[in-house]
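Student: I'm new to this one and could use a guide. Could you take me on a close look at a single part, and set it in the whole chain as you go?

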Amino acid sequence: MKQFLFIILILLSAFAGNTLSAQVTKEDYAKADSVMQLRELVYDQVAQITWIDSTDVFWYRIKTRDGMKYQLVDAQKGSKKVAFDTEKLVEALNKALDKKTTAKELVLRDLKFEKDKNTIHFSFQSTAWICNLKKYELQKDTSVKDERSNDYWGGFFDEKGNDPVSSPDSVWTAFIRENNVCIKDNKTNEEFQLSYDGAPGDFYSSYVSWSPDSKKLAVNKVRDAEKREIYFVESSPKDQLQPILQKRDYRKPGDAVPIKHPALFDIESKKQIQVNSTPFEHQFSLSYLKWKKDASAFTFEFNQRGHQAYQVVEVDGETGAIRVLIDEQSNTFIDYSGKRYRFDLEETNEIIWASERDGWNHLYLIDSKTGDVKSQITKGEWVVRRVLHVDEENRVIYFNGSGKNADEDPYYLHCYKVNFDGSGLIDLTPEKMNHDVSFSKDLNYFTDTYSTVETPPFTVVRSSVDGKVLVELEKTDISSLLEKGWIAPEPFVAKGRDGKTDIWGNIYRPTNFDKNKNYPIIEYIYAGPHDSFVQKSFNPVSYAFSSLAELGFIIVQMDGMGTSNRSKAFQDVCWKNLKDAGFPDRILWIKAAAEQYSYMDTTRVGLFGASAGGQSTLGGLLFHPEFYKAGVSACGCHDNRMDKIWWNEQWMGYPVGPEYAECSNVDNAYRLQGKLMLIVGEVDDNVDPASTMQVADALIKANKDFELVVLPGVNHTLGGTYGEQKRRDFFIRNFLKQETPDWNVKTSK
């Protein structure tokens, strides 16, 4: 017996020794990174489809085995030809460039053809060029200005910042003086003051709207609100030694917002016509004013604070009387930020309007005189995703939809056409794949590139009449990719928490996958309610996780309940409950996959994500510790009271109630049981970086162990190169139980 125990101890000691001595090397990391080069083995994939002005001609770029090529296609003639000689263009460029190039690197930006197709304009290596294609002579295009902007996305709108506005007949100019509306006679320069109640903090906007007949003026009077700013320190600026205190405009949930009151002025009498705006006081926003072509009225859109009411309102141009044309109501929220669509048909007094009033996102034809629904244009248990074009003359709508076909992935985009009365619905792209389309300006033709995560893209030209294929352009060549051992993602579907609803996602395996091994599972999570996020089109690698998978993990991604592009009920799960994040569905999905594939180890499940995905990553550890054991959370909005107002009130509601605290990772930090790494960009102006620091503070107060990585000078991020290195180290140590490289030891050459 003693001899048996001695042998067991020796074996355990040896096992422990092997575990401790096993190490992942820098070379292993470099090899994992090399998987990103697989995308270079994809050939003949169409990119940059661009229609030339109002013609039926377009160009596109493909990467061939010989280098980049540009093709010209005439959809009407059904012809295709080389747009220009890339070798000659490369030769011309190399005479003008300091840094030489090749045909394989010839990715032209902002490429435009002149009407005769003999001259092109483009940007290459940060310089704008003009090239005569007859002689391949180059000259710099000095007329092109660099229009790139570093403006902050969330800056407060300056209602006082507009220039004076001339009337359509050029007789008058409207302007703001000392917060009041004034007009000037452009012939005599005589000025008239139209309003007298404007004041600092309660002023008239400089964005005035003239009626088409120049007889009326509509403008919003704005009661301003206190402006919140966030602050952070840029510790290591590039151009100075001392740190810089940065600040950004940034309203948060519960903050006061500006309140707008529509106002109407008669130019002839120089008097104000009263508009009763009292019903619209409780607003999140009130849009700018839009006149009807006949000048009989103007409309505005009212978004009630809390997003449970959204209205299109008409104001009579003579009397100022108001009338609600469209009245959307919801017991949860109206997804104005993702699904709002309005198209005015003034010639026939109609409005095309998108609504989820029947539980699915569909189009309606509204009588703009009465507000009545003339017809529900689309209907059924599927959704309109995007209106592409409205053909007013033929009363036809072209749009993207998904979920209509019962026997395919409900997220696959198809292109449809339908008449205004709901008749004649046609799927112009019948292949059971994800479709990306681009229409000619006259709507006679469109290009269609379709693929799946497993099937490489095929690009064709179709007729807009019936979807008939007119020209087959390119079939993507992935033969070299397959020779290198690429493994396609596997779409996987399992039932959600209700036992009925299909939850769709993908399984990603490393290229050295061995079904006889046991793999930890890492979920790449983003559960924002504003969209769906799982890959549907072909892409051989993902910058976010392909290299991580190569180190010995299986990556999964799925869209759980609470995300968009399914039924309204599917999305409503998120309401006042962002901590849900679809986790009951995600856990069932992963368990179902592991039941089918025994090499997926559900005792080692981790997750990572950024922004809302960072919030969900930590939420998974806090609220589902029995399943998720480790996570890396980047730039998370860990408390929805700390994040941007529009996104969070859209889903969490207003006023700020107890559910905000219930969903807070800060307030629930004490629940942490698993392993956690927090990553934050020091100058993140998308999600206040203080949100991550408040989580860290709460974890410290709860005496929890965690890792914190602060990236100096970095904005909103998944982590970048250094963050990716830390994330790999984290999962390798915690799930593979192996040592990671000593990054402080220089590698010998």
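Tutor: Let's start from the outside of this predicted model. The accessible surface of the protein chain is about 35,000 Å², and carbon and sulfur atoms account for 48% of that. On the charged side, you'll find 94 positive and 109 negative side chains, with the centres of the two sets 4 Å apart.

Now the overall build. The chain has 13 helices and 44 strands. Its radius of gyration is 30 Å, close to the 27 Å that the globule rule gives for 749 residues, so the chain is as compact as a globular protein of that length. Lay a box along the principal axes and the C-alpha atoms fill roughly 110 × 70 × 60 Å. Of the 749 residues, 54% count as buried. And if you take contacts between residues at least 6 apart in sequence, 57% of them join residues at least 24 apart.

With that in mind, let's zoom in on helix 10, which runs 645-652. Is helix 10 mostly covered or mostly open? It's mostly covered, with 7 of its 8 residues buried. Go along the helix and you can tick them off: Ile645, then Trp647, Asn648, Glu649, Gln650, Trp651 and Met652.

What covers those buried residues of helix 10? The cover includes strand 20 (283-286), helix 4 (336-339) and helix 7 (568-572), and also helix 9 and helix 11. Helix 9 spans 612-623, and helix 11 spans 658-662.

Follow the backbone out of the helix and there's more to see. Just after helix 10, Gly653 takes a positive phi of about 85°. Then the peptide bond from Tyr654 to Pro655 is cis, with omega near 0°. Most peptide bonds are trans, so a cis one is worth a pause. Pro655 itself sits in the loop that links helix 10 to helix 11.

One of the covering elements deserves a look too. Right before helix 9 comes Ser611, in the loop between strand 41 (600-610) and that helix. Ser611 has phi near 65°, a positive value in a residue other than glycine. Most residues other than glycine have a negative phi. Ser611 also counts as buried, because its relative accessibility is 11% and the cut-off is under 20%.

There's another backbone turn of this kind elsewhere. Leu443, in the loop between strand 33 (434-439) and strand 34 (445-451), has a positive phi of about 65° although it is not a glycine. Leu443 is at 12% relative accessibility, so it counts as buried.

For contrast, try Gly422, in the loop between strand 31 (414-419) and strand 32 (426-427). Gly422 has 27% relative accessibility, so it counts as partly exposed. Setting aside neighbours within four places in sequence, Gly422 is in contact with Gln376 and Ile377. Its C-alpha atom is 44 Å from that of His716, which is 294 residues away along the chain.

Last, the cysteines. A disulfide is a covalent bond between the sulfur atoms of two cysteines. This structure holds 0 of them. Cys182 is buried at 2% relative accessibility, and Cys415 is buried with a relative accessible area of 0%.

Notes:
Residues numbered from 1 in each chain as written. Predicted model: local features only at pLDDT ≥ 70, side-chain atom pairs only at ≥ 80, totals over all residues. Heavy atoms only, no water. Helix = DSSP H or I, 4+ residues; strand = E, 2+ residues; numbered from the N terminus. Rg over C-alpha atoms; globule rule 2.2 N^0.38 Å. Buried < 20%, exposed > 50% of the residue type's maximum accessible area, 1.4 Å probe, protein only. Contact = heavy atoms within 4.5 Å. Areas by Shrake-Rupley, 256 points an atom, 1.4 Å probe, with all protein chains shown as cover. Lys, Arg positive; Asp, Glu negative; His and termini not counted. Charge placed at Lys NZ, Arg CZ, Asp CG, Glu CD. Disulfide = S-S within 2.5 Å.
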